[in-house]
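Student: Hi! I have a new structure open and I'd like someone to walk me through it.
Tutor: Happy to help, so let's bring it up and go step by step.

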Amino acid sequence: MTDDELLAAACPIIGSAGSSFYFAPETIARGEAEGLDRGAFYFLGRGGVLGDVDAAVVSAAFGFFNPAVVARVWNGARSKMAPRAAGALHLVCCAEHGRRRLSSVPGLEAFNASCEKILAATDGDSLPLFAAINAEPRVDDAPGRAMQLIAVLREFRGSAHLLAVRAAGVRSRDAHLVHRPDMARAFGWAEGDTPELEADELHTRLEAAEKLTDDLVRPAFAVLDQQERTAFVATLQAIAAALA
């Protein structure tokens with residue numbers, strides 16, 4: 001399995017699985033118990049690892065969202081709960097989601113070891129959201145830790161992708177409008193908003209951004225040997241099935 005084959009097999013699953021706890025009923029209930037609705041807990045929980053920062057910092061770390069929406073939700077949410085506490089609770093919810101859904105998945109101990117090996121080879125420069133969540137403590141049990149590690153790896157590639165999009169000369173707003181036009185309003189953009197660049201130019205730049213994203217994360221994933229790669233992908237596929 002080549003490095004690129006590993007990325008192609010693993011990263012889409014990591015992207016989907018790593019966000020699977022965000023709006024799980026149990027996560028929503030935990031947030032509501034603190035006076036935070038699902039959107040407020042998403043922003044304050046995911047962004048809370050950055051600390052009690054200005055909304056503009058969260059907007060810059062997340063990308064893709066309308067900054068006005070981030071400011072409104074973040075400022076309202078942090079008036080009800082300290083951001084660092086919300087970030088810690090969000091990761092508790094992540095671990096609990098893993099315990100509920102992944103306990104029967106075989107090979108989690110080896111999977112977790114591979115995740116840790118990848119993360120040990122990462123570089124957090126210019127990736128503040130990834131660096132922040134990666135610095136948080138993780139639980140010890142295998143299913144809870146596996147879910148947290150997947151969430152951290154998701155932020156690794158997601159943060160790298162945001163950096164790559166900007167390096168390609170594309171606004172994150174425009175990248176969102178191209179990739180998820182049906183979710184424009186959910187991210188705070190008006191229906192009918194159009195990107196600044198012509199379609200062909202935009203797609204060319206976004207293809208370059210995808211390649212750069214792979215270039216940025218490839219060295220970390222490349223530390224896995226062939227046996228580890230095979231097992232890592234197989235376990236990810238089992239995790240995807242368990243979360244489906």
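**A walk through the model**

Tutor: Let's start with Ser-126, which counts as exposed because its relative accessibility is 56%. Keep in mind that this is a predicted model.

Student: Where is Ser-126 placed?

Tutor: Ser-126 sits in the loop that runs between α7 (108-120) and α8. Its phi is near 70 degrees, a positive value in a residue other than glycine.

Student: Which value does phi have at Phe-64?

Tutor: Phi of Phe-64 is near 70 degrees, again positive in a residue other than glycine. You'll find Phe-64 in the loop between α4 and α5.

Student: Is Phe-64 buried or exposed?

Tutor: Phe-64 is buried, because its relative accessible area is 11%, which is under the 20% cut-off for buried residues.

Student: Okay, pockets next. How much space lies in the largest pocket?

Tutor: About 810 Å³. It is lined by 33 residues, and the closest to its centre are Arg-46, Phe-64, Arg-154, Gly-158 and Arg-180. So Phe-64 turns up again here.

Student: Which elements give two or more residues to that lining?

Tutor: They are α1 (3-17), α3 (38-47), α4 (55-62), α9 (142-167) and α10 (172-179). The largest share comes from α9, with seven residues.

Student: How do the lining residues of the largest pocket divide into nonpolar, polar and charged?

Tutor: There are 17 nonpolar residues, ten polar and six charged.

Student: And cavities? How many of 30 Å³ or more does a search of the whole structure find?

Tutor: The search finds one. The largest cavity has a volume of about 60 Å³.

Student: Which residues line the largest cavity?

Tutor: The lining is made of Phe-21, Tyr-22, Gly-45, Arg-46, Val-49, His-90, Leu-91, Ile-133, Ala-151 and Glu-155. At least two residues each come from α3, α6 (83-102) and α9. By class, six are nonpolar, two polar and two charged.

Student: Let me pick Glu-155 from that list. Is Glu-155 buried or exposed?

Tutor: Glu-155 is buried, because its relative accessible area is 3%. It lies in helix α9.

Student: What does Glu-155 touch, not counting residues up to four places away in sequence?

Tutor: With those sequence neighbours left out, Glu-155 touches Tyr-22, Arg-46, Leu-129, Phe-130 and Ile-133. Tyr-22, Arg-46 and Ile-133 are also among the residues that line the largest cavity.

Student: I saw another acidic one, Asp-174. Where does Asp-174 lie?

Tutor: Asp-174 is in helix α10. Asp-174 counts as buried, because its relative accessibility is 2%. Beyond residues up to four places away in sequence, it touches Pro-195, Glu-196 and Leu-202.

Student: Back to α4 for a moment. Which of its residues are buried?

Tutor: The buried residues of α4 are Ala-55, Val-58, Ser-59, Ala-61 and Phe-62. Looking down the axis of α4, they fall within an arc of 165 degrees, so they line one face of the helix.

Student: What do those buried residues of α4 pack against?

Tutor: They pack against α3, α5 (67-78), α8 (128-134) and α9.

Student: What about the largest nonpolar core? How many residues does it have?

Tutor: The largest nonpolar core has 79 residues, and those with the most contacts inside it are Ile-14, Leu-102, Phe-111, Phe-221, Phe-232 and Ile-239. The helix that gives the most to this core is α9, with 13 residues.

Student: Let's zoom in on Phe-221. What does it touch, not counting residues up to four places away in sequence?

Tutor: With that exclusion, Phe-221 touches Leu-6, Leu-7, Cys-11, Ile-14, Ile-118, Phe-156, Arg-229 and Phe-232.

Student: Leu-6 is in there. Is Leu-6 buried or exposed?

Tutor: Leu-6 counts as buried, because its relative accessibility is 0%. It lies in helix α1. Apart from residues up to four places away in sequence, Leu-6 touches Met-1, Cys-11, Phe-221, Leu-224, Arg-229, Phe-232 and Val-233.

Student: One last thing: what separates the C-alpha atoms of Leu-6 and Leu-216?

Tutor: Those C-alpha atoms are separated by 14 Å, while the two residues are 210 residues apart along the chain.

Key
Residues numbered from 1 in each chain as written. Predicted model: local features only at pLDDT ≥ 70, side-chain atom pairs only at ≥ 80, totals over all residues. Heavy atoms only, no water. 1 Å grid on protein atoms, 1.4 Å probe; cavity = no way out; pocket = protein on both sides within 12 Å on 5 of 7 lines; lining within 4 Å. Points joined across faces, edges and corners; volume = space filled by probe spheres on them. Helix = DSSP H or I, 4+ residues; strand = E, 2+ residues; numbered from the N terminus. Nonpolar A, V, L, I, M, F, W, Y, C, P; charged D, E, K, R; others polar. Buried < 20%, exposed > 50% of the residue type's maximum accessible area, 1.4 Å probe, protein only. Contact = heavy atoms within 4.5 Å. Core = buried A, V, L, I, M, F, W, Y, C linked by side-chain atoms within 4.5 Å. Arc of directions from axis to C-beta.
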